[in-house]
Amino acid sequence: MSGFKVLQPGLLTLIQDAGRFGHHRIGLTNGGPLDMQAFKWANRLLGNPLNSTLLEVSIGGLVLASEVDTFLVVTGAEMPLKINGVEQDRWHAHRIRQGDRIELGFSKQGARAYLAVTDGFDIQHDFSSSATVSREGIGGLNGGKLQPGDYLPCSSNTKGQSFRLAEQHRPQYQDNINLRVITGYQQQAFSDVDKRMFFSSEYEVTDRADRMGYRLSGPEIKASMEGILSEGICHGAIQIPADGQPIVLLNDRQTIGGYPKIGSMISIDTARMAQQLPGSKVSFEEISIDEAHNLHCLAHVKFERTEPEDLGK
Amino acid sequence: MNIEIAGENALIIYFGEQTDPATSAKVQQSVTILETELADKLIDMVPSYASLLVIYDMLRCDHLEMRSQLRKLLGQLEETNAVSGKIVTLPAYYSTESGPDLAALAKRAQLSIDEVINIHSEIEYRVYAIGFAPGFAYLGQVDPRIAAPRLATPRQKVPKGAVAIADQQTAVYPAVSPGGWNLIGLCPTPMFDPKAEPTMPVQVGDRVKFEPISRERFIELGGEL
């Protein structure tokens, strides 16, 4: 069996594919990458199927030893990539040989990076997905984050494709971002004044921001009802609990809950938010469902039509 | 039936505002219909007490089309008399040893511990929803006499198998987790096992009855204290 040995797992490194779908009915959440765009690019720059299993590295600090010949790419947050001690370009596939040492340093900008190899890591599926959800103890190698000494199996492939994404197409992970929100159900729970306050104020990402949800702090929003009959919660839903501080629910959220919701963030922007670290400032902008659909379809087409540079065999 | 926007690719259908078997049956019926009729457009569904969250693929279908499909397929749901699934009996070792909140709950309800046990195990519950954690089944309705609010301070660690009450809901914790429900006993039946087929002994719409068992029987059935 060939693969990579984990020398240092970093703060939080998780095995992920695109996520686990179709199992909400037994209480399983989605998991999957917080930043879907960076995830998809990592696989695409190696010519992999877009759902291939890779590593989501939060904050940084990962060190791997290669025991395989393959290609490797890193996308997402600006974590310096070193191969055998030499800094290398990210968003750019590199040839890796047995014995190489791969290091991802701590992020300078952004919070999540994606490290992929040709054909993906070969991880057994739990409920049709390799996505790790630590809260559920499901997916990955044993339901949790990477540990020192873990082994990441993957096939040897020296004939893989390799691409590089031109600088102008790489996302910038800025602070002080504007996040787009669709309002919907439970609007009647919030007064016009509270809604206006929500959409015109600045909120700060707190240190209670994780894969389940991002807790924000800022002007208190009051809901006229404390709880509702428990109902399904979708990705991006913005809950307002009794303390009036919004929580944006993400990939590892619980599937059912009873807090009123002021709206739901579009997935393009949950990805941008998940690249923010505690202390970063965010604000909200209301858009219509039609605008949300347009933005999603445009982003999809743009991804399809952006041709990365072929680095050849 | 009321359909609202929940998110960029999610609509939520409300079938009522109350917890009752007839509404729950409509939720169940809808899941079955949508599974067959809209499988190619749906990503996932979350059935709950009186609502169904429908998550769809935005590249295959927009919200207007999904809404009209839902109206067409679900608009004529008949008032079936609460179709129910199978009956599942869950053994429960009720005691102050296995249920640290049993005594306080009895005192609050001005009932004896035995009365609380009788009332809890007498009712046939319905599985209204599954969520919170894998395999966590929300059962209702608990007799109002033994309904109890959540603990002011949730426990860091509720044991696997804990039989618990919150308001008029009851449940068995499928795994060790934090939780604020009142613990009244322990159930030795695994509620979620990823390696088993099926992974859960119950599904939404099933009926559940608790059967009081002794400490010895609990241990015999594989329970751990």
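1. A quick definition before anything else: two strands count as paired here if DSSP finds at least two bridges between them. Keep that in mind for A:Leu81, which stands opposite A:Gln88 in β7(A). The two strands involved, β6 (residues 81–83) and β7 of chain A, run antiparallel and are joined by three bridges. Bear in mind too that this is a predicted model.

2. Now the sheet around that pair. It is an open one in chain A, with six strands in the order β7-β6-β9-β4-β1-β11 and antiparallel pairing. Its edges are β7 (86–88) and β11 (151–153) of chain A, each of which pairs on one side only. From one strand to the next, the twist averages 30°.

3. Chain A also has a closed barrel. Seven strands go round as β13-β20-β17-β18-β15-β14-β21, and here the pairing is mixed. The average twist between one strand and the next is 40°. Helix α3 (residues 267–274) of chain A packs on this sheet, where it touches β13 (177–182), β15, β18, β20 (261–265) and β21 (281–287) of chain A. If you want its orientation, the helix direction makes about 145° with that of β13(A).

4. One pairing in the barrel can be followed down to residues. Strands β15 (residues 213–217) and β18 (residues 247–249) of chain A pair in the antiparallel sense, over three bridges. A:Gly213 has A:Leu249 as its bridge partner in β18(A).

5. On the domain split: chain A is divided into domain 1 (3–169) and domain 2 (177–302). Taken over C-alpha atoms, the centres of these two domains of chain A are 28 Å apart. Domain 1 of chain A puts 17 residues into the contact and domain 2 of chain A puts in 15. The domain 1 side breaks down into five nonpolar, nine polar and three charged residues.

6. Last, the chain–chain contact. Here 37 residues of chain B meet 33 residues of chain A. On the chain B side, β1 (2–7), β2 (10–14), β3 (42–47), β4 (51–56) and β6 (125–130) each supply at least two residues. Which strand of chain B gives the most to the side that touches chain A? That would be β3(B), with five residues. By class, the chain B side that touches chain A has 24 nonpolar, eight polar and five charged residues.

Definitions and conventions: Residues numbered from 1 in each chain as written. Chains lettered and ligands numbered in written order. Predicted model: local features only at pLDDT ≥ 70, side-chain atom pairs only at ≥ 80, totals over all residues. Contact = placed C-beta atoms within 7 Å. Helix = DSSP H or I, 4+ residues; strand = E, 2+ residues; numbered from the N terminus. Nonpolar A, V, L, I, M, F, W, Y, C, P; charged D, E, K, R; others polar. Axes fitted to C-alpha atoms, helices over the stretch in contact; angles between N-to-C directions. Domains from an automatic or database assignment.
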